[in-house]
Amino acid sequence: MAGNGETAKELTRAIVLVPILPQRFADGGKDSRGNNNQHEFQRSDEARLEEAEGLARAIDLDIVHSDVVQVPNPRPATLLGTGRVETIGEMVEASHAELVIVEHPLTPVQQRNLEKEWNAKVLDRTGLILEIFGRRAQTKEGALQVELAHLTYQNGRLVRSWTHLERQRGGGGFLGGPGETQIEADRRALQEKILRIKRELETVVRTRTLHRAKRKKVPHPVVALVGYTNAGKSTLFNRLTGAGVVAEDMLFATLDPTLRRIRLEHGETIILSDTVGFISNLPTHLVAAFRATLEEVVEADLILHVRDISDPDTAAQAEDVHAIMESLGIERGDSKRIIEVWNKIDLLDDAGREAALRQSSAVAGSERPIPISAFTGEGVDALLQEIESRISGTLSKVRITLKHDQMRLMDWIYQHSSNVKRKDLDDGSIALTMDMTIASNQMLEEKLSRNNR
């Protein structure tokens, strides 16, 4: 600011490009397991461009131009055709852009060639996501996971693009000879750093496993929130727990996992876990790096799949989330364990809202999605009831009579039931009628049984 002698930092000027390739080229056509990678729901070109711009804004870039680029015949050297490369080069020069984001995986050779042609830094989708993750990581664990993913990504990009990589170092020890080239030394140094970080993360995994084991000794069920980035998970987490987790209209606003304990209406205590948001074409080594964090999802008793139902591409986003969960070993058809939450119904117009509510009501049983607004709180009570039903069983009408020496159970009963009706009897005992979950009823029977011994 002018008043304190400081000037505001100027944002990096960037151009965002979304290459559209024929389907036979997109993402290699198959996933890492050899399965066909064509989703039933394809994301629109406009949605891809909007998401790419959102990713760029997440690291405070000044977007001077953005565009969808049709690439009918991808070139091994530059991905884009010669004419298109020249046109973009002129645009880079005219706009004084310092960075070009290509929202598509680039090979090391393609990235190097485009940087030479445009005289600007080039980031592909993976590199951009890594930059965002690097800024979002708040804990040591998050920083380690990001660094591991970044080094793994960088390790594959040690190409001879700079002259210093072609120099040779002299041999060490008693052996002479040409020694190793600089690129070999750089790669060896990277491998050593990768191994060091993996060892540190193994310690984190062991610590997290110990914490999980301690939680199981006091068996509170774990409910994990998953969903496409910006689906509103952190807003819902805050609504349910009252926590102050960052919840912004920004991609990857939350990176590190957060756990909070909450108490349900009929006394059951659960642990709610908020996790990193998913995104389409999430790099496999990035998923691997965040495996320690995602273990909370794998081990969860219940998973809330939060969807932004107001987004036109919500179906395609849901496919991406299912694909990542399947890579973690969570089957998409596991309706007993997964509750689908349709968030942001407050952003729908009247017709869209009616359609969503009608569509939800038409689904029977455990597969029925729960429409909510984490922002306004609408539907959240119904969601909590569904969570409690899944965790503790459905409500049933319970009738008991407490004798004089069992009165100390009254406080516990009021905490674990609802609609309690009390009748004082002539012999000093109390007749109670209440609604109670199956799990709480079983606990009460055990308490009464121990009291009678």
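K121 is partly exposed, its relative accessible area being 43%. In this predicted model, the side chain of K121 is paired with that of E115 through a salt bridge, with an N to O distance of 3.7 Å. E115 is likewise assigned to the partly exposed class, because its relative accessible area of 21% is not under the 20% that defines a buried residue.

The contact between K121 and E115 belongs to a set of 14 salt bridges found in a search of the whole structure. Another is formed by R353 and E378, whose closest N and O atoms lie 2.2 Å apart. This pair links distant parts of the chain, with the two positions 25 residues apart. R353 is located in helix α11, which covers residues 350–361, while E378 is in the loop between β10 (370–371) and α12 (380–392). Both partners are partly exposed: the relative accessible area is 23% for R353 and 31% for E378.

A further salt bridge joins D424 to R422, and here the closest N and O atoms are separated by 3.1 Å. The two residues fall into separate accessibility classes, because the limit for an exposed residue is over 50%. D424, with a relative accessibility of 53%, is exposed, whereas R422, with 47%, is partly exposed.

Salt bridges can also be connected through shared partners. In this way R48, E51, E103 and R125 are joined into one network.

Technical notes:
Residues are numbered from 1 along each chain as its sequence is written. This is a predicted model: local features need pLDDT of at least 70, side-chain atom pairs count only at pLDDT 80 or more; totals for chains, interfaces and linings use all residues. Side-chain values use heavy atoms; hydrogens and water are left out. A salt bridge is a side-chain nitrogen of Lys or Arg within 4 Å of a carboxyl oxygen of Asp or Glu. Buried means under 20% relative accessible area, exposed over 50%, partly exposed in between (1.4 Å probe, protein chains only). Helices (H or I, at least four residues) and strands (E, at least two) are DSSP runs, numbered from the N terminus.
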